[in-house]
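Visitor: Hi, could you walk me through this one? I'm new to reading structures.

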Amino acid sequence: MPLIEWKEEFSVGNEELDRQHRKWLEFIERLHQVDDADCHDRIVHDILDEMEIYSRYHFWSEERMLEQAGYEDLENHRREHDAMKGRIAAQMNAFRSDTDFDHSRVAEMLWHWLIEHILQSDHRYTAALEDVTAVRD
Ligand SMILES: [Fe+2]
Ligand SMILES: [Fe+2]
């Protein structure tokens, strides 16, 4: 059973951002599914590395859209993204230095951080992005 099942309630009402969230969850799923025997293998490093790059792209992309929408809480939102960047970087460092690194525990942690952020923070901008789409239509 996959760790992550995409649910409609995760949607932020924007197709592109939903697609990006789903892609990020796929990286986490891949990390979760690595064989325990390969836990210290290059494969884990590569997934973490790609996921880190993708998360930066997602944050940049989301912040840009929110900026264009004139989202009033953007600064706080950016700060949350920065905190998450720090947490992800810390997991990369843990992988590089810690022989006890547990890929499935880290995947579960990342899953919780991401879903919590989507449900509690990303969902707050839904109306602001809807307004922009409505104006364009
Ligand atoms: Fe966000
Ligand atoms: Fe997001």
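Guide: Sure, one term to start: helices (H or I, at least four residues) and strands (E, at least two) are DSSP runs, numbered from the N terminus. This is a predicted model, where local features need pLDDT of at least 70 and side-chain atom pairs count only at pLDDT 80 or more, while totals for chains, interfaces and linings use all residues. Residues are numbered from 1 along each chain as its sequence is written, with chains lettered from A and ligands numbered from 1 in the order in which they are written.

Visitor: OK, so where is glutamate 116?

Guide: Glutamate 116 sits in helix α4.

Visitor: And is glutamate 116 buried or exposed?

Guide: Exposed, because glutamate 116 has 10 other C-beta atoms within 10 Å. The rule is that 20 or more other C-beta atoms within 10 Å, placed from the backbone, make a residue buried, 12 or fewer exposed, and in between partly exposed. Glutamate 63 is 53 residues from glutamate 116 along the chain, and their C-alpha atoms are 18 Å apart.

Visitor: Switching topic, at what angle do the axes of α1 and α2 cross?

Guide: Helix α1 (residues 15-33) and helix α2 (residues 42-68) cross at roughly 165°, and their axes come within 10 Å. That makes α1 roughly antiparallel to α2. Axes are lines fitted to C-alpha atoms, for helices over the stretch in contact, and angles run from 0 to 180 degrees between N-to-C directions; over 145 degrees counts as roughly antiparallel.

Visitor: Which residues of α1 and α2 meet?

Guide: Among them, Leu17, Trp24, Phe27 and Leu31 in α1 meet residues of α2 including Val44, Ile47, Met51 and Tyr54. By class, the α1 and α2 contact has 9 nonpolar, 4 polar and 4 charged residues. Here Ala, Val, Leu, Ile, Met, Phe, Trp, Tyr, Cys and Pro are nonpolar, Asp, Glu, Lys and Arg are charged, and the others, Gly among them, are polar.

Visitor: Zoom in a bit: what is phenylalanine 27 in contact with?

Guide: Leaving aside neighbours within four places in sequence, phenylalanine 27 is in contact (C-beta atoms, placed from the backbone, within 7 Å) with Ile47, Glu50, Met51 and Tyr54. Glutamate 50 belongs to helix α2. The C-alpha atoms of glutamate 50 and phenylalanine 27 are 8.0 Å apart, though 23 residues separate them along the chain.

Visitor: Why is glutamate 50 partly exposed?

Guide: Because 13 other C-beta atoms lie within 10 Å of glutamate 50.

Visitor: How many residues are in the largest nonpolar core?

Guide: There are 12, including Trp24, Ile28, Leu48, Val106 and Leu114. Such a core is a set of buried Ala, Val, Leu, Ile, Met, Phe, Trp, Tyr and Cys residues joined through C-beta atoms within 7 Å. The elements giving two or more residues to this core are α1, α2 and α4 (103-136), and α1 gives the largest share, 5 residues.

Visitor: How far apart are the axes of α2 and α3?

Guide: The axes of α2 and helix α3 (residues 74-97) are 11 Å apart, at an angle of about 175°. So α2 is roughly antiparallel to α3. By class, the contact of α2 with α3 has 8 nonpolar, 5 polar and 6 charged residues.

Visitor: Last one: why does glycine 86 count as exposed?

Guide: Glycine 86, in helix α3, is exposed because it has 9 C-beta neighbours inside 10 Å.

Terms used:
Parallel < 35°, antiparallel > 145°, perpendicular 65-115°, else oblique. Contact = placed C-beta atoms within 7 Å.
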